[in-house]
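Please open the model in a viewer and keep the selection panel at hand. The tour proceeds from one selection to the next and states what is found at each stop.

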Amino acid sequence: MNNFYEKVVLLLPTLTEEEVQESVKKISSLIVENGGEVLKVDNWGKKKLAYKLNRQTMGYYVLFLFKAPALSIKKMEEFYKVYDPVFKFMVFKLTKHQIAALPPEIKGIPVEPSEIASQG
(Lines give C-alpha, C1' and ligand atoms only; values in the text may rest on other atoms or scores of the structure.)
Protein backbone atom coordinates (compact mmCIF):
# COMPACT_ATOMS: atom_id res chain seq x y z
CA MET A 1 0.00 0.00 0.00
CA ASN A 2 1.24 3.47 -0.84
CA ASN A 3 1.19 6.29 1.68
CA PHE A 4 0.90 10.00 0.91
CA TYR A 5 3.97 12.11 1.62
CA GLU A 6 5.14 15.69 1.39
CA LYS A 7 8.82 16.33 0.89
CA VAL A 8 10.57 19.68 1.05
CA VAL A 9 13.99 19.77 -0.57
CA LEU A 10 16.51 22.60 -0.28
CA LEU A 11 18.78 22.89 -3.30
CA LEU A 12 22.04 24.81 -3.41
CA PRO A 13 21.61 28.52 -4.22
CA THR A 14 24.51 28.41 -6.69
CA LEU A 15 22.54 26.25 -9.14
CA THR A 16 21.27 27.71 -12.41
CA GLU A 17 17.57 27.46 -13.32
CA GLU A 18 18.43 24.58 -15.69
CA GLU A 19 20.28 22.73 -12.93
CA VAL A 20 17.33 23.25 -10.57
CA GLN A 21 14.94 21.81 -13.18
CA GLU A 22 17.32 18.89 -13.79
CA SER A 23 17.47 18.19 -10.03
CA VAL A 24 13.65 18.29 -9.80
CA LYS A 25 13.42 15.79 -12.70
CA LYS A 26 16.02 13.54 -11.04
CA ILE A 27 14.16 13.57 -7.70
CA SER A 28 10.81 12.95 -9.44
CA SER A 29 12.25 10.01 -11.37
CA LEU A 30 13.70 8.61 -8.13
CA ILE A 31 10.20 8.61 -6.61
CA VAL A 32 8.77 6.78 -9.65
CA GLU A 33 11.67 4.28 -9.79
CA ASN A 34 10.95 3.32 -6.18
CA GLY A 35 7.31 2.51 -6.88
CA GLY A 36 5.87 5.95 -6.16
CA GLU A 37 3.75 8.45 -8.02
CA VAL A 38 4.44 12.18 -8.09
CA LEU A 39 1.18 14.09 -7.58
CA LYS A 40 2.48 17.66 -7.47
CA VAL A 41 5.77 19.55 -7.64
CA ASP A 42 5.84 23.13 -6.40
CA ASN A 43 9.04 25.14 -6.94
CA TRP A 44 8.97 28.00 -4.41
CA GLY A 45 12.12 29.54 -5.85
CA LYS A 46 15.25 30.91 -4.24
CA LYS A 47 14.65 32.21 -0.72
CA LYS A 48 16.67 33.43 2.23
CA LEU A 49 16.97 30.86 5.01
CA ALA A 50 15.89 31.79 8.54
CA TYR A 51 19.35 30.77 9.78
CA LYS A 52 22.62 29.53 8.32
CA LEU A 53 22.36 25.87 7.38
CA ASN A 54 25.31 23.83 6.09
CA ARG A 55 27.16 27.12 5.46
CA GLN A 56 24.27 28.33 3.25
CA THR A 57 22.15 31.43 3.78
CA MET A 58 19.93 30.96 0.67
CA GLY A 59 18.40 27.97 -1.08
CA TYR A 60 15.89 26.82 -3.67
CA TYR A 61 12.81 25.38 -1.96
CA VAL A 62 10.97 22.62 -3.82
CA LEU A 63 7.90 20.83 -2.44
CA PHE A 64 6.93 17.37 -3.69
CA LEU A 65 3.56 15.75 -2.97
CA PHE A 66 3.68 12.05 -3.78
CA LYS A 67 2.43 8.55 -3.04
CA ALA A 68 5.01 5.85 -2.36
CA PRO A 69 5.56 2.61 -0.45
CA ALA A 70 6.96 3.16 3.04
CA LEU A 71 10.12 1.17 2.24
CA SER A 72 11.06 3.55 -0.57
CA ILE A 73 11.49 6.51 1.80
CA LYS A 74 14.70 5.04 3.27
CA LYS A 75 16.14 4.58 -0.24
CA MET A 76 15.32 8.19 -1.12
CA GLU A 77 16.94 9.48 2.08
CA GLU A 78 20.13 7.55 1.29
CA PHE A 79 20.16 9.10 -2.19
CA TYR A 80 19.89 12.66 -0.84
CA LYS A 81 22.89 12.13 1.43
CA VAL A 82 25.13 11.68 -1.64
CA TYR A 83 23.32 13.90 -4.18
CA ASP A 84 25.28 17.16 -4.14
CA PRO A 85 22.56 19.68 -5.20
CA VAL A 86 20.43 18.76 -2.14
CA PHE A 87 21.76 20.17 1.13
CA LYS A 88 18.66 19.63 3.29
CA PHE A 89 15.41 17.68 3.00
CA MET A 90 12.41 16.71 5.10
CA VAL A 91 9.81 14.03 4.42
CA PHE A 92 6.40 14.04 6.12
CA LYS A 93 3.83 11.27 6.02
CA LEU A 94 0.40 12.84 5.65
CA THR A 95 -2.36 11.94 8.09
CA LYS A 96 -5.89 11.03 6.99
CA HIS A 97 -7.05 14.56 7.85
CA GLN A 98 -4.27 16.12 5.75
CA ILE A 99 -5.08 13.82 2.83
CA ALA A 100 -8.76 14.75 3.09
CA ALA A 101 -7.83 18.46 2.98
CA LEU A 102 -5.93 18.08 -0.31
CA PRO A 103 -7.60 19.53 -3.42
CA PRO A 104 -9.70 16.86 -5.18
CA GLU A 105 -8.12 17.66 -8.55
CA ILE A 106 -4.86 16.06 -7.40
CA LYS A 107 -4.67 12.68 -9.09
CA GLY A 108 -5.22 9.64 -6.90
CA ILE A 109 -7.23 11.29 -4.14
CA PRO A 110 -10.40 9.32 -3.39
CA VAL A 111 -13.48 11.55 -3.63
CA GLU A 112 -16.34 10.88 -1.22
CA PRO A 113 -19.82 10.47 -2.78
CA SER A 114 -21.04 13.51 -0.78
CA GLU A 115 -18.33 15.65 -2.40
CA ILE A 116 -19.46 14.59 -5.88
CA ALA A 117 -23.07 15.52 -5.05
CA SER A 118 -22.05 18.97 -3.78
CA GLN A 119 -20.07 19.69 -6.97
CA GLY A 120 -22.96 18.86 -9.31
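Begin by selecting helix α1 (residues 17-33), which lies across β1 (2-11), β2, β3 and β4 and runs at about 25 degrees to β3. Contact here means heavy atoms within 4.5 Å. Axes are lines fitted to C-alpha atoms, for helices over the stretch in contact, and angles run from 0 to 180 degrees between N-to-C directions. Helices (H or I, at least four residues) and strands (E, at least two) are DSSP runs numbered from the N terminus. Next, add helix α2 (residues 70-82), which packs on the sheet and touches β1, β3 and β4; its direction makes about 155 degrees with that of β3.

This is a predicted model, in which local features need pLDDT of at least 70 and side-chain atom pairs count only at pLDDT 80 or more, whereas totals for chains, interfaces and linings use all residues. Residues are numbered from 1 along each chain as its sequence is written, and side-chain values use heavy atoms, with hydrogens and water left out.

**The sheet**

Hide the helices and display the strands. In the order β2-β3-β1-β4, 4 strands form an open sheet with antiparallel pairing; two strands pair if DSSP finds at least two bridges between them. β2 (37-53) and β4 (86-93) stand at the edges with a single partner strand each, so one side of each is left without a neighbour in the sheet. On average, neighbouring strands of this sheet are turned by 20 degrees against each other, direction ignored.

Now restrict the view to β2 and β3 (residues 56-69), which pair in the antiparallel sense over 11 bridges. Val-38 stands opposite Phe-66 in β3.

**Between helix and sheet**

Return to helix α1 and select Ser-28, which lies in this helix. Is Ser-28 buried or exposed? At 17% relative accessibility, Ser-28 counts as buried (buried is under 20% relative accessible area, exposed over 50%, partly exposed in between, with a 1.4 Å probe and protein chains only). Not counting residues up to four places away in sequence, Ser-28 touches Val-38, Val-41 and Phe-64.

**The loop between β2 and β3**

Select Asn-54, found in the loop between β2 and β3. Most residues other than glycine have a negative phi. Asn-54, although not a glycine, has a positive phi of about 50 degrees, and Asn-54 is partly exposed at 46%. Arg-55 is placed in the loop between β2 and β3 as well; its phi is positive, at about 65 degrees, and Arg-55 is exposed, with a relative accessible area of 77%.

**Salt bridges**

A salt bridge is a side-chain nitrogen of Lys or Arg within 4 Å of a carboxyl oxygen of Asp or Glu; by this rule the count comes to 3. Display Lys-67 and Glu-37, whose side chains meet in one of them (3.8 Å, N to O). Lys-67 lies in strand β3 and Glu-37 in strand β2, so the pair ties together parts that are 30 residues apart in sequence. Lys-67 is buried at 16%, and Glu-37 is partly exposed at 24%.

Move to helix α2, where Lys-74, Glu-78 and Lys-81 are linked in a network of salt bridges. The closest N and O atoms of Glu-78 and Lys-74 are 3.6 Å apart, and Lys-81 meets Glu-78 at 3.6 Å, N to O.

**Confidence**

Finally, colour by pLDDT, the predictor's confidence in each residue, from 0 to 100. The mean for the protein is 86, and 88% of its residues reach 70 or more. Confidence is highest in β3, at 95, and lowest in helix α4 (residues 113-119), at a mean of 40.
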